[in-house]
Each structure stands twice: as C-alpha cells, then as structure tokens.
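Me: I'm new to reading protein structures and would love a close look at one part. Could you walk me through the nonpolar core and whatever helps to build it?

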Amino acid sequence: MSRQEVVVLSAEESLRRPRLQDVAAEAGVSTASVSLVLRGVAGPSSATRERVLDAAARLGYRPDRAASLLARRRSRLIGVVMDVRSSFHAQLVEDVHEAAEEHGYDLVLSTVTRTRDEGRAVETLLDSRCEALVLLGPEAPASRLSALDRQLPVVAVGRPVPSAGVDVVRAADDEGVGQAVDHLVGLGHRRIAYVDGGPGVIPAGRHRGYQRAMRRHRLGGHLQVVAGDHGEESGARAARELFASDLPPTAVITYNDRSAVGVLDTLLRGGVDVPGAVSVVGYDDSPLSRLAHIDLTTVSQDSGQLMRHAVAAVVERLEGGRTAHREVVVPPRLVVRGTTGPAPAGV
C-alpha cells in the first residue's frame with residue numbers, strides 16, 4: 001500500500017464518528033459494559049467505569065441520540081409553526097424552548113413567510129418526525145386542525161378551536177381589548193377607534209371585545225372600526241384614514257403591536273403629539289413595544305405562561321395518556337406605558 005493510500009485512509013478514519021465498539025476496544029471491555037457505564041446503569045466495577053469513561057473522553061465519543069430515540073420509536077421533538085414576521089411569535093418561541101427543555105424535549109421550527117404558507121410549514125414538521133405540534137396563531141380551518149390531531153397531538157396557541165381533539169392555550173382576547181377600552185375611558189376618552197386585524201378567528205375575538213366594551217360604557221355611538229391586518233403598513237394606512245376626517249379619534253386601539261407602531265410612525269411624521277393629542281394602545285406586549293423610543297401601552301398575553309401550558313398539554317398527551325380536549329384561557333394584563341394619557345381638554 002502506498003504512502004498516499006495510507007494518508008487517504010487515515011483521513012477517512014478521522015471523519016468517522018467514534019462508535020460504541022471503538023470505546024469498548026479502547027477500554028478493553030465488552031460493548032455491553034460500555035453501554036451500561038454510559039447509561040449510568042449499575043453492574044460494572046468502579047475500575048471498569050473509569051476505563052470506559054477515560055476511553056470515551058480520549059476518542060471524543062458522543063452517544064448517537066437520534067439512533068437511541070429511533071430505537072425507542074421516540075424523537076422527543078415538538079414541532080412549532082411561527083410567523084417569521086411577528087416579533088411576538090419570536091418571544092413565544094424563546095419561551096417554548098425553555099419550557100420544552102424542562103421536560104426533556106427539543107424543538108423543530110417551521111416558518112410562515114410571505115411566500116410560504118401554514119400548510120407547507122406543517123408538512124415540514126410532519127416529515128421531521130415531530131411527536132406533537134404547537135401552532136402559534138394558526139389560521140387553518142378547525143376541520144384541518146382536527147385532521148392533524150388525528151395524526152399526532154396538536155396545541156393551538158392564541159385562538160379557540162371548536163374541536164373534540166385539538167388542545168387550546170390562549171389569552172382571553174375580548175377581555176384584553178376590554179381592559180384597553182376601560183383604561184382609555186378612565187382617562188376621559190370617548191372617541192376611541194379600533195384598527196382591525198383582518199379575517200380570522202383571533203382578529204374576530206379582539207374586534208368583538210372592542211365593541212362589547214364600548215357598548216358597556218354606553219359609547220356605542222362612537223364605534224369606529226378601520227380595516228387593517230397584522231403589519232405596520234396597515235396601521236399607517238388606518239392612521240392616515242382616521243386623521244383625514246374632520247373629527248378624528250382621541251384614542252386608537254390596534255389589533256397588535258406591529259399595527260400600533262405603524263399608527264405611531266404616521267402620527268409622528270404628521271406632527272401629532274402622542275399622547276397629548278392622541279393615545280395609542282397595542283396588543284401582545286411584544287419586544288417591539290418595550291423599546292424606549294416606542295414605549296407602547298399594550299395588552300400582555302403572558303407569553304411565558306402560554307408556552308408552559310402548551311408544553312404541559314403536549315407532555316400530558318404523549319406521556320400521560322390524556323385524550324380529552326383541554327382549553328386553557330390565560331387572563332391578559334394591560335401594561336401602561338408612555339403612549340396613553342388624558343383625553344385632550346374640551347373634546
């Protein structure tokens with residue numbers, strides 16, 4: 001064998017991941033003994049344990065977690081679908097990582113983007129052998145979610161789902177928007193407008209909360225809803241429409257924080273004082289809302305609590321054998337910051 005051939009073989013050998021058999025040969029023991037030592041099972045002597053652990057360290061051996069889980073027909077992976085454009089979803093993902101790790105699970109993320117819909121994101125997770133799905137603000141029909149739940153446990157975060165199988169973890173959105181209305185009415189506002197979030201179950205719940213709260217305060221005659229969606233531009237368009245009228249609102253509540261930022265940007269560019277002339281309230285308490293130059297009054301859904309409940313629901317289904325539907329409703333909380341203040345005098 002030529003010197004060049006030997007070098008090539010050595011390089012190939014160095015790329016191969018050390019196996020259980022390699023550790024056994026290095027330590028001079030059986031593969032069964034190595035397996036017992038690395039799994040922390042009683043049996044091998046202290047001397048054998050020391051030899052095995054030293055050999056594993058010298059070889060850089062790491063257990064093949066994927067192969068081990070495959071042998072047990074478990075992946076311990078939770079699939080999460082998120083909208084990559086949402087800063088609130090980014091916060092939820094950070095919180096769900098923490099909650100999943102506490103239970104010994106890892107995550108596979110699949111994103112919804114401008115060109116990639118929710119269905120495709122879900123299919124990616126199914127192909128990745130995820131044991132359960134956590135869907136953040138899913139927009140699929142209840143029938144589709146129910147069909148998914150017949151394949152594996154599904155938790156819908158943020159929206160109710162009329163299904164006997166799908167678990168739900170959500171905030172009481174109508175109550176959250178109601179708190180925003182209560183806060184503004186308490187500051188003397190009457191002309192309170194609402195920027196909608198477009199079609200869907202979640203926007204409908206928040207819209208309904210605005211209408212109910214306004215009527216509760218006997219302000220049904222001041223109801224004013226402007227069409228919008230999830231993004232900043234919709235908030236900017238809504239602001240231009242609202243403040244082009246002869247009698248603009250003194251306060252605006254938006255579907256989410258991104259929309260509120262669009263409203264604030266338009267008002268700032270137009271020289272409108274916030275909160276002196278107009279108060280603005282968002283929804284989600286996203287990282288965006290906490291920036292010092294935004295300082296947005298908003299409704300918190302308590303993302304950490306939402307994700308702890310979502311992961312607990314997954315664990316109960318996978319390890320506890322629960323089959324009954326469960327819905328957890330987390331109370332929202334208004335976070336008052338710098339974008340709300342007393343209504344202007346004389347309005």
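Reply: Happy to! Let's begin with the whole chain and then move inwards. The accessible surface of this chain comes to about 17,100 Å², and 51% of that belongs to carbon and sulfur atoms. Keep in mind that you are looking at a predicted model. The chain holds 13 helices and 12 strands, and buried residues make up 48% of its 347 residues. Among contacts between residues at least 6 apart in sequence, 67% join residues at least 24 apart.

Now for the part you asked about. In soluble globular proteins, nonpolar side chains tend to be buried together. Here, the largest nonpolar core has 26 residues, and the members that touch the most others are Val 134, Leu 136, Val 155 and Met 307. The elements giving two or more residues to this core are the strands β1 (77-83), β3 (132-136), β4 (154-157) and β11 (327-330), together with the helices α6 (87-102) and α13 (303-319). The largest share, seven residues, comes from α13.

What is Val 134 in contact with, leaving aside its neighbours within four places in sequence? The list is Ile 78, Gly 79, Val 80, Val 81, Val 155, Val 157, Ala 310 and Val 314. If you find Ile 78, Val 80 and Val 81 in the structure, you are looking at residues of β1, while Val 155 and Val 157 lie in β4 and Ala 310 and Val 314 in α13.

That brings us to α13 itself. Its 17 residues, at 1.5 Å a residue, should span 24 Å; the end C-alpha atoms are 24 Å apart, so the model agrees with the expected span. The buried residues of α13 are Ser 303, Gly 304, Leu 306, Met 307, Ala 310, Val 311, Ala 313, Val 314, Val 315 and Arg 317. Notice that Met 307 is on this list and is also one of the core members that touch the most others. Following α13 comes Gly 321, with a positive phi near 80°.

There is one more thing to look for. A second, separate core has 20 residues, including Leu 125, Cys 130, Leu 133 and Ala 156. Leu 133 falls within the range of β3, and Ala 156 within that of β4, two strands that also give residues to the largest core. So when you trace β3 in the viewer, try picking out Leu 133, a member of the second core, and then Val 134, a member of the largest one.

Methods. Residues numbered from 1 in each chain as written. Predicted model: local features only at pLDDT ≥ 70, side-chain atom pairs only at ≥ 80, totals over all residues. Heavy atoms only, no water. Core = buried A, V, L, I, M, F, W, Y, C linked by side-chain atoms within 4.5 Å. Buried < 20%, exposed > 50% of the residue type's maximum accessible area, 1.4 Å probe, protein only. Helix = DSSP H or I, 4+ residues; strand = E, 2+ residues; numbered from the N terminus. Contact = heavy atoms within 4.5 Å. Areas by Shrake-Rupley, 256 points an atom, 1.4 Å probe, with all protein chains shown as cover. Expected span 1.5 Å × (residues − 1).
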